[in-house]
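Hi,

Here is the structure I promised to pass on. Please open it alongside this email, as the notes below are easier to follow with it on screen.

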Amino acid sequence: MNKEDVFPDEYKQPFSGLLYVGKLQRTIEIAGHKILIKTLTQGEELRVGQLAKEYVGTRSELAAMQMYFVAAAIEAVDGMPLVKALSPDVDLIYEKAQVIKDWYASVVRDIYDEYTKMVKTAGEIASSLKK
């Protein structure tokens with residue numbers, strides 16, 4: 001756990017604070033590029049499952065899940081968003097995945113590995129709050 005890994009102070013608020021338990025952001029670096037990633041909400045995780053369902057049972061199932069998780073987790077690369085939502089109806093996870101499909105698998109796997117470490121850290125922090 002890094003000392004900068006803390007939930008936003010809003011998690012302490014009555015009722016609405018639950019929206020922030022589990023929320024982390026981290027900047028990782030891959031080949032000199034700074035990538036801002038975040039933990040996902042339950043709704044975002046469900047959307048990842050919907051997008052990846054066409055790959056279930058295929059040799060590409062794991063790669064599809066990783067790609068969609070990475071698409072959902074990335075907030076910015078080198079300070080710039082992958083895509084800009086021009087309307088609230090835009091499916092950002094899907095649109096970001098269209099960009100990431102052109103990246104090489106090793107890059108997606110590296111980002112996914114960092115994402116899973118951050119999710120584990122979020123779980124550890126949340127568990128420590130129970131005490």
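Below is what I found, starting with the sheet and then turning to the helices.

Please keep in mind that this is a predicted model.

The sheet is an open one, with three antiparallel strands in the order S1-S2-S3. Strand S1 (25-30) and strand S3 (74-77) are at its edges, and each has a single partner strand, so one side of each has no neighbour in the sheet. From one strand to the next, the twist averages 25 degrees.

If you want to look at one pairing in detail, try strand S2 (residues 33-38) with S3: they pair in the antiparallel sense over three bridges. Ile35 stands opposite Val77 in S3. Helix H2 packs on the sheet and touches S2 and S3, with its direction at about 75 degrees to that of S3. Helix H4 (residues 105-129) lies across S1, S2 and S3 and runs at about 150 degrees to S1.

Now for helix H1 (residues 42-52). Which of its residues are buried? They include Val48, Leu51 and Ala52. These three cover an arc of only 90 degrees around the axis, which means that they sit on the same side of H1. The spacing fits a simple rule: an α-helix has 3.6 residues a turn, so residues three or four places apart point the same way. On the other side of H1, Gln42 and Leu46 are exposed. As for what covers the buried residues of H1, helix H2 (61-73) and helix H3 (92-100) are among the elements that do so.

Best wishes

How values were computed. Residues numbered from 1 in each chain as written. Predicted model: local features only at pLDDT ≥ 70, side-chain atom pairs only at ≥ 80, totals over all residues. Heavy atoms only, no water. Buried < 20%, exposed > 50% of the residue type's maximum accessible area, 1.4 Å probe, protein only. Helix = DSSP H or I, 4+ residues; strand = E, 2+ residues; numbered from the N terminus. Arc of directions from axis to C-beta. Contact = heavy atoms within 4.5 Å. Pairing = 2+ DSSP bridges. Axes fitted to C-alpha atoms, helices over the stretch in contact; angles between N-to-C directions.
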